[in-house]
Amino acid sequence: MNTTTRVKLLLKIAVLISSTIAYLAFAEFEPNNGSLTADPLPEAKLTTGNLSSATDEDWFSFEITEPTTVSFDINNFDGTNNYWNFSIKDSQDVTYSSVETGYEESTELTTGIKNSGTYFLVVSKADVYLSEQYNLILSASVEVSGIGTELNNGSLTADPLPEAKLTTG
């Protein structure tokens, strides 16, 4: 291997390592069992945590400044059958969306949020308490067309349906 090839290879490895370190940047800290002690949740960073008991909850906060589609990619990287509830809530403890994980390797939790403010992702035990690690990544997009937003529970707050576009909610 000549010097130029070696330098290029080392540069590629350095870029891979630095991008991996930037990506793997956050773990939850106790106590974070409610909205007042919630850990701020970084966008696009792998976040890990675990529940220390069957009654433990992990709360993470994130800010919304304009109508936004919020998605959490929840992954079961270690291959165990982990059971958790993941819920998106507002500061009034209203649940916007939730999902229970189980045998699947990957789950997505998505909702549209119209109003600015502080919101929370709450992780709690599901039917079976396991102390294994959970992994999640927050992503946000200002595109909310075609996504059901909360609270859209009546005619005054109904979401308009876009023409010829698949809508989920």
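A residue is called buried when its relative accessible area is under 20%. By that criterion, six of the seven residues of strand 4 are buried in this predicted model. Strand 4 is therefore largely enclosed by the rest of the structure.

Strand 4 belongs to an open sheet of five strands. The strand order is 2-4-9-6-7, and the pairing is mixed. Strand 2 (39-40) and strand 7 (95-100) form the edges, each pairing on one side only. In general, the strands of a sheet pair through backbone hydrogen bonds, in either a parallel or an antiparallel sense. Both senses involve strand 4. Strands 2 and 4 run parallel and are joined by two bridges. Here P40 stands opposite S61 of strand 4. Strand 4 (residues 58-64) pairs with strand 9 (residues 117-125) in the antiparallel sense, over seven bridges. Within this pairing, D58 stands opposite V123 of strand 9. E63 stands opposite T118, also in strand 9.

Aromatic contacts were examined next. A search of the whole structure finds seven aromatic pairs. One of them joins W59 and F120. Their ring centres are 5.5 Å apart, with 65° between the planes, and the pair is edge-to-face. W59 lies in strand 4 and F120 in strand 9, so the pair ties together parts that are 61 residues apart in sequence. Both W59 and F120 are buried.

A further pair is formed by F86 and Y134. The ring centres lie 5.9 Å apart and the planes meet at 85°, so this pair is edge-to-face. F86 is in strand 6 (residues 84-90) and Y134 is in strand 10 (residues 134-141). The pair thus links distant parts of the chain, 48 residues apart. F86 counts as buried because its relative accessibility is 0%. Y134 counts as buried on the basis of a relative accessibility of 0%. Ring pairs also link F62, F72, Y96 and Y119 into a cluster.

Several of these aromatic residues recur in the nonpolar core. In soluble globular proteins, nonpolar side chains tend to be buried together. In this model, the largest nonpolar core has 22 residues. F62, F72, F86 and L121 have the most contacts inside this core. Strand 4, strand 5 (68-75), strand 6, strand 7, strand 8 (106-113), strand 9 and strand 10 each supply at least two core residues. The surroundings of L121 were listed without its neighbours within four places in sequence. L121 is in contact with D58, W59, F60 and F62. Other contacts of L121 are F72, F86, S87, I88, L109 and L136.

The loop between strand 9 and strand 10 was also inspected. E132 has its place in this loop. With a relative accessible area of 29%, E132 is partly exposed. E132 and L51 are 81 residues apart in sequence. In space, their C-alpha atoms are 7.7 Å apart.

Terms used
Residues are numbered from 1 along each chain as its sequence is written. This is a predicted model: local features need pLDDT of at least 70, side-chain atom pairs count only at pLDDT 80 or more; totals for chains, interfaces and linings use all residues. Side-chain values use heavy atoms; hydrogens and water are left out. Two strands pair if DSSP finds at least two bridges between them. Helices (H or I, at least four residues) and strands (E, at least two) are DSSP runs, numbered from the N terminus. Rings of Phe, Tyr and Trp (its six-membered ring) pair if their centres lie within 6.5 Å; planes under 30 degrees apart count as stacked, over 60 as edge-to-face and the rest as tilted. Buried means under 20% relative accessible area, exposed over 50%, partly exposed in between (1.4 Å probe, protein chains only). A nonpolar core is a set of buried Ala, Val, Leu, Ile, Met, Phe, Trp, Tyr and Cys residues joined through side-chain atoms within 4.5 Å. Contact means heavy atoms within 4.5 Å.
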